[in-house]
Amino acid sequence: MVSAMKKLDATVRVYNRAGTPQPWGNTVAHSQGTLVRTRLELVAEEVRCIERYTAKGDLLPIDDILEYIKWRDNA
């Protein structure tokens, strides 16, 4: 979300909202339904995707995201 906001040059403050805690070891379907793994395995896969998309330039580097969070929270 932060990458998209920065590309649009939007000065919107975006916040996450945590869901209800669920067991990490439960087998579930990914949001698109294409992967069925434990929640923990899906998180690991998502981290790999984030690394890949960041390397391609589709997502901002983590340092830029952290700067955005500092800006967001200090306004």
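Colleague: How do the residues of the lining of the second largest pocket divide into nonpolar, polar and charged?

Modeller: This is a predicted model, so treat what follows as computed. The lining splits into 5 nonpolar, 1 polar and 1 charged residues. The residues are Pro21, Gln22, Trp24, Val28, Arg39, Leu42 and Val43.

Colleague: Which helix gives the largest share of that lining?

Modeller: Helix H2, residues 39–56, with 3 residues. The volume of this second largest pocket is about 160 Å³.

Colleague: How is empty space found in general, and how much space lies in the largest pocket?

Modeller: The general idea comes first. A probe the size of a water molecule is rolled over the atoms, and this shows where empty space is left. Here, the largest pocket holds about 190 Å³.

Colleague: Which residues line the largest pocket?

Modeller: Met1, Val2, Val14, Tyr15, Asn16, Ile65, Tyr68, Ile69 and Arg72. By class, that lining has 7 nonpolar, 1 polar and 1 charged residues. Helix H3, residues 62–73, supplies the largest share, 4 residues.

Colleague: Now the core. What is the general idea, and which residues form the largest nonpolar core?

Modeller: In soluble globular proteins, nonpolar side chains tend to be buried together. In this model, the largest nonpolar core has 5 residues: Val2, Met5, Val14, Ile65 and Tyr68. Two elements give two or more residues to this core: helix H1, residues 2–7, and helix H3. Compare the lists: Val2, Val14, Ile65 and Tyr68 belong to the core and also line the largest pocket.

Colleague: Take Val14. What does Val14 touch, beyond residues up to four places away in sequence?

Modeller: Val14 touches Met1, Met5, Tyr68 and Arg72. Met5 and Tyr68 are core residues too.

Colleague: Arg72 is in that list. Is Arg72 buried or exposed?

Modeller: The relative accessible area of Arg72 is 14%. Buried means under 20%, so Arg72 counts as buried. Arg72 sits in helix H3. Leaving aside neighbours within four places in sequence, Arg72 is in contact with Arg13, Val14 and Tyr15.

Colleague: And Thr34, is that residue buried or exposed?

Modeller: The cut-off for exposed is over 50%. Thr34 has 65% relative accessibility, so Thr34 counts as exposed. Thr34 lies in the loop between strand E1, residues 27–29, and strand E2, residues 36–38.

Colleague: What separation do the C-alpha atoms of Thr34 and Tyr68 have?

Modeller: They are separated by 32 Å. Along the chain, Thr34 and Tyr68 are 34 residues apart.

Definitions and conventions: Residues are numbered from 1 along each chain as its sequence is written. This is a predicted model: local features need pLDDT of at least 70, side-chain atom pairs count only at pLDDT 80 or more; totals for chains, interfaces and linings use all residues. Side-chain values use heavy atoms; hydrogens and water are left out. On a 1 Å grid over the protein atoms alone, a cavity is a set of points where a 1.4 Å probe fits but cannot get out, and a pocket is an open set with protein on both sides within 12 Å along at least five of seven lines; lining residues have an atom within 4 Å of a point. Grid points are joined across faces, edges and corners, and a volume is the space filled by probe spheres set on the points. Ala, Val, Leu, Ile, Met, Phe, Trp, Tyr, Cys and Pro count as nonpolar, Asp, Glu, Lys and Arg as charged, and the others, Gly among them, as polar. A nonpolar core is a set of buried Ala, Val, Leu, Ile, Met, Phe, Trp, Tyr and Cys residues joined through side-chain atoms within 4.5 Å. Buried means under 20% relative accessible area, exposed over 50%, partly exposed in between (1.4 Å probe, protein chains only). Contact means heavy atoms within 4.5 Å.
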